[in-house]
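Please look over the sequence and the model shown below, and keep both in view while reading the report that follows.

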Amino acid sequence: MWVALKGRLQITDRMMRWNNSINTECVMCNEESESCAHLFFGCRFSENVWRNLAGGLMPDMFTTDWSNLIRIVSKPWLTPIKTFLLRYTLQAAMHTIWCERNARRHGEDPKTMATLTQLVNKNIRLKLLAVKGKGNYLEEGLITWFETRLDL
Ligand SMILES: [Zn+2]
């Protein structure tokens, strides 16, 4: 949990610094200017990735609004396992989208929304498999993760 929270804070911190730099066109959608709120997850590209990943975890309170998201993940509103999954998914989704954004800026071939979603999905499954010594936590986490997939 702390690792996920720490990761989220570090990314947020990096975003803030980056957000003060020159605003240019978003390399994900090529439609709007890039900002923290646009990239996470106002952009139709990252919004789609985020919806595929988190839509099933938070069906009643799904949001793409950055400040709403931070409010939701800051509180244990869901079950403990879903809170953990949501926080980890957010961190992993942000990391993956941020890497894709940088890759595109460096002229690399763009990955599709489906590929990015699969990357995060795989990352989370590996993370859950790596969590050990917490009773049935791992099993519950994996079951919850598969139950909340929208693309299966
Ligand atoms: Zn965009």
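## A leucine on helix 6

In this predicted model, L126 has a relative accessible area of 53%, and because values over 50% count as exposed, L126 is exposed. This residue has its place in helix 6, which covers residues 113–130. Between L126 and L142 there are 9.9 Å in space, taken from C-alpha to C-alpha, while in sequence L126 and L142 are 16 residues apart.

## The zinc site

Which residues are the protein donors of the zinc ion? They are C26, C29 and C43, each through its SG atom, together with H38 through its NE2 atom, and these donors lie 2.1 to 2.4 Å from the zinc ion. The arrangement is tetrahedral, because the 4 donor atoms subtend angles of 102 to 113° around the zinc ion, and four donors count as tetrahedral if all angles lie between 85 and 135 degrees. Read along the sequence, the spacing of the donor residues is C-x2-C-x8-H-x4-C. Distant parts of the chain are linked by the pair C26 and C43, which are 17 residues apart: C26 sits in the loop between helix 1 (2–19) and helix 2 (36–42), whereas C43 sits in the loop between helix 2 and helix 3 (44–54). Both C26 and C43 are buried.

## Two backbone details

The loop between helix 1 and helix 2 also holds N30, a residue other than glycine whose phi nevertheless has a positive value, near 55°. Further along, F40 and F41 are joined by a cis peptide bond, with omega at about -5°, and F41 lies in helix 2.

| Place | Backbone angle |
|---|---|
| N30 | phi near 55° |
| F40 and F41 | omega about -5° |

## How helix 4 and helix 5 pack

Helix 4 (residues 66–74) and helix 5 (residues 80–105) pack with their axes 9 Å apart and at an angle of about 140°. Why are helix 4 and helix 5 described as oblique to each other? Angles over 145 degrees would count as roughly antiparallel and those from 65 to 115 as roughly perpendicular, with the rest as oblique, and the angle here is about 140°, so helix 4 and helix 5 are oblique to each other. Their crossing is left-handed. On the side of helix 4, the residues in contact are W66, L69, I72, V73 and S74, and these meet L86, R87, L90 and M94 in helix 5.

Methods. Residues numbered from 1 in each chain as written. Predicted model: local features only at pLDDT ≥ 70, side-chain atom pairs only at ≥ 80, totals over all residues. Heavy atoms only, no water. Donors = N, O, S within 2.8 Å, 3.2 Å for Na, K, Ca; no water. Tetrahedral: all angles 85-135°; square planar, octahedral: opposite > 155°, others 65-115°. Helix = DSSP H or I, 4+ residues; strand = E, 2+ residues; numbered from the N terminus. Buried < 20%, exposed > 50% of the residue type's maximum accessible area, 1.4 Å probe, protein only. Axes fitted to C-alpha atoms, helices over the stretch in contact; angles between N-to-C directions. Parallel < 35°, antiparallel > 145°, perpendicular 65-115°, else oblique. Left-handed = near helix turned anticlockwise from the far one by under 90°. Contact = heavy atoms within 4.5 Å.
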